[in-house]
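Please open the model in your viewer and keep the selection panel at hand. The stops below are meant to be taken in order.

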Amino acid sequence: MELLDALRTRRSVRQWTAESIPDEQLNKLVEAAARAPSGGNTQPWAFVIIRERGRLRRLRAAAPGIAGRAAAVVLICLDRRRADEEPGTSEYDMVHLTLGAAMQNILLAAHDQGLGACAIGSFHPASLASIVSLPRHLELKLLIALGYPVSQPAAPALRPLSDEMLLLVGFMLTSAHGLVDEPQSYGPARLLEAAGRLLDMIEEQGMLDDPLKQVKGIIDNERFGPMDEEGFPARLDQLALSWTESIADRF
Ligand SMILES: Cc1cc2nc3c(=O)[nH]c(=O)nc-3n(C[C@H](O)[C@H](O)[C@H](O)COP(=O)(O)O)c2cc1C
């Protein structure tokens, strides 16, 4: 799976089949986790995998965040022998960022292998540590519940269009003032950017058809390409023409 596709299509999966996960797949998850970047290259993590049914059942009693019956749970722990920073320090915060990177690697590697996973932050650390007999130097930070998904959950709702529109209005208003002193070509460039942002929103709602996508492609080239003042007026003309042609028959 392409990385960007994996990022786009990964979802938190909370319902799993009864099928167990082969060792090979679980090992790949740990390998992916251990490839995460770590502050100062401390690699302050330890990963514990729970897959035995009885333990999973008891673990669930101490982890209200786990909704369904997972085939395995990965415990992401801070190894106090590798990082002994005190809570409240910036180094301690750094450790959590590092464990977050490991979490994301596991979630993506699971998705890539056809597994469904969900990060679980709601659990009782002391009860859980006792259930799985966690050594004292391991501090439990996060769980990842895993299994083969019953179905692929729908993507969470996009941010409401109105929020994006308010941001666009903000962009236009703040641009307007800047334009008083800026070079003349900035004005059309800002209008193009505003048109591009509006089309982004329409596209995100799945309402941009192929002819309009083509014109959006031209607009995006202008927005994201290098500024070339010389051919700019002619390209704007061409753009206006393409746009009017692509919408002419709609009315
Ligand atoms: C640190 C962290 C803790 C989370 N804890 C829980 C949890 O306890 N229970 C749960 O069902 N989901 C939990 N989630 C999953 C989020 O609810 C989920 O990522 C979010 O709703 C976005 O959905 P998505 O992952 O499908 O994009 C957690 C996610 C993160 C990153």
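The tour goes from the sheet to the ligand and then to the helices.

This is a predicted model, in which local features need pLDDT of at least 70 and side-chain atom pairs count only at pLDDT 80 or more, while totals for chains, interfaces and linings use all residues. Residues are numbered from 1 along each chain as its sequence is written.

Begin with the sheet, bearing in mind that helices (H or I, at least four residues) and strands (E, at least two) are DSSP runs numbered from the N terminus. Select the 4 strands, which form an open sheet in the order 1-2-4-3 with antiparallel pairing; two strands pair if DSSP finds at least two bridges between them. Strand 1 (45–50) and strand 3 stand at the edges, each with a single partner strand, so one side of each is left without a neighbour in the sheet.

Next, select strand 3 together with strand 4 (residues 138–147), to which 5 bridges join it in an antiparallel run. Within this pair, Ala119 stands opposite Ile144 in strand 4. Now add helix 4 (residues 90–112), which packs on the sheet, touching strand 1, strand 2, strand 3 and strand 4; contact here requires C-beta atoms, placed from the backbone, within 7 Å.

Stay with strand 3 (residues 116–120) and display the ligand, since the most residues in its shell, 3, come from this strand. Among the residues surrounding the ligand are Arg11, Arg14, Cys118, Ala119, Ile120 and Pro156, where a residue counts as near if its C-beta atom, placed from the backbone, lies within 6 Å.

Then move to helix 8 (residues 210–224) and helix 9 (residues 232–247), whose axes come within 9 Å and cross at roughly 165°. Axes are lines fitted to C-alpha atoms, for helices over the stretch in contact, and angles run from 0 to 180 degrees between N-to-C directions. The two helices, helix 8 and helix 9, are therefore roughly antiparallel to each other, the term being used for angles over 145 degrees. To see the contact, select Pro211, Leu212, Val215, Ile218, Ile219 and Glu222 of helix 8 with Arg235, Leu239, Ser242, Trp243 and Ser246 of helix 9.

Finally, keep helix 8 and add helix 7 (residues 186–204): the axes of this pair come within 10 Å and cross at roughly 130°. On the helix 7 side, the contact includes Leu192, Glu193 and Leu199, and on the helix 8 side Lys216, Ile219 and Glu222 are among the residues to select.

Conventions:
Angles under 35 degrees count as roughly parallel, over 145 as roughly antiparallel, 65 to 115 as roughly perpendicular and the rest as oblique. Two residues are in contact if their C-beta atoms, placed from the backbone, lie within 7 Å.
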